[in-house]
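Open the model in your viewer and show it as a cartoon. The stops below go from one residue to its strand, and then to the pockets.

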Amino acid sequence: TLYNSSYQFVQTDDYVLINVEMVHDARIIPIFATAEEARANRRPAVLSQWLGDSVGWYEDDELVVETVNIKPLQLSQSSVPITKAGHIIERFSRSSDNEIFYQFMVDDSNIYSQPWTAELSFYATDDGLYEYACHEGNYAMPGILAGARRLEMEAASK
């Protein structure tokens, strides 16, 4: 997006948190020793989460995250359409002190004729995350303040 597009990555021994500034999407991804262990520890399908069921593991120095059971409603609202049968595999690797190289593969035979991939880099900044909130008054602020100053001027002239 054009604004609120920062990401924050936090890692503990057992989890990775990916916090997205826009709309406060926070993914809490459990990390396992192997892909097999991760897949064996998925949530039951009835515990469907908005961003899907993500599990992770390391392959050498690369974090691999596999997500399944993504909400079908996202099909119409996402820049990466996917159905409930699809899955996404993400790979995060540290390229330098201030860069995380990110790749993802979308595999959903209900929509696509073959899996497809994309990649980008996340760069560290000193900027913090900002609250994502809508305030109708933000657009009206110049008019509100102008009206208040006029009322003050009228009161002072009496």
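Select Asn19 first: its relative accessibility is 17%, so it counts as buried (under 20% relative accessible area; exposed is over 50%, partly exposed in between; 1.4 Å probe, protein chains only). This is a predicted model, in which local features need pLDDT of at least 70 and side-chain atom pairs count only at pLDDT 80 or more, while totals for chains, interfaces and linings use all residues. Residues are numbered from 1 along each chain as its sequence is written, and side-chain values use heavy atoms, with hydrogens and water left out.

Next, show what Asn19 touches beyond its neighbours within four places in sequence: Ser6, Tyr7, Gln8, His24, Asp25, Ala26 and Leu129. Contact here means heavy atoms within 4.5 Å.

Now select residues 15-20, strand E2, which holds Asn19. Strands are DSSP runs of at least two residues, numbered from the N terminus. Add E1 (residues 7-11), which runs antiparallel to E2 and is joined to it by five bridges; DSSP pairing needs at least two. One of the links to look for is Phe9 with Ile18. Three residues form the hairpin connection from E1 to E2.

Move to the second largest pocket. Which residues lie nearest its centre? They are Tyr7, Gln8, Phe9, Ile100 and Phe122, out of 27 that line this pocket. (A pocket is an open set of points on a 1 Å grid over the protein atoms alone, with protein on both sides within 12 Å along at least five of seven lines; lining residues have an atom within 4 Å of a point.) E1 gives the largest share of this lining, five residues.

How values were computed
Helix = DSSP H or I, 4+ residues; strand = E, 2+ residues; numbered from the N terminus. 1 Å grid on protein atoms, 1.4 Å probe; cavity = no way out; pocket = protein on both sides within 12 Å on 5 of 7 lines; lining within 4 Å.
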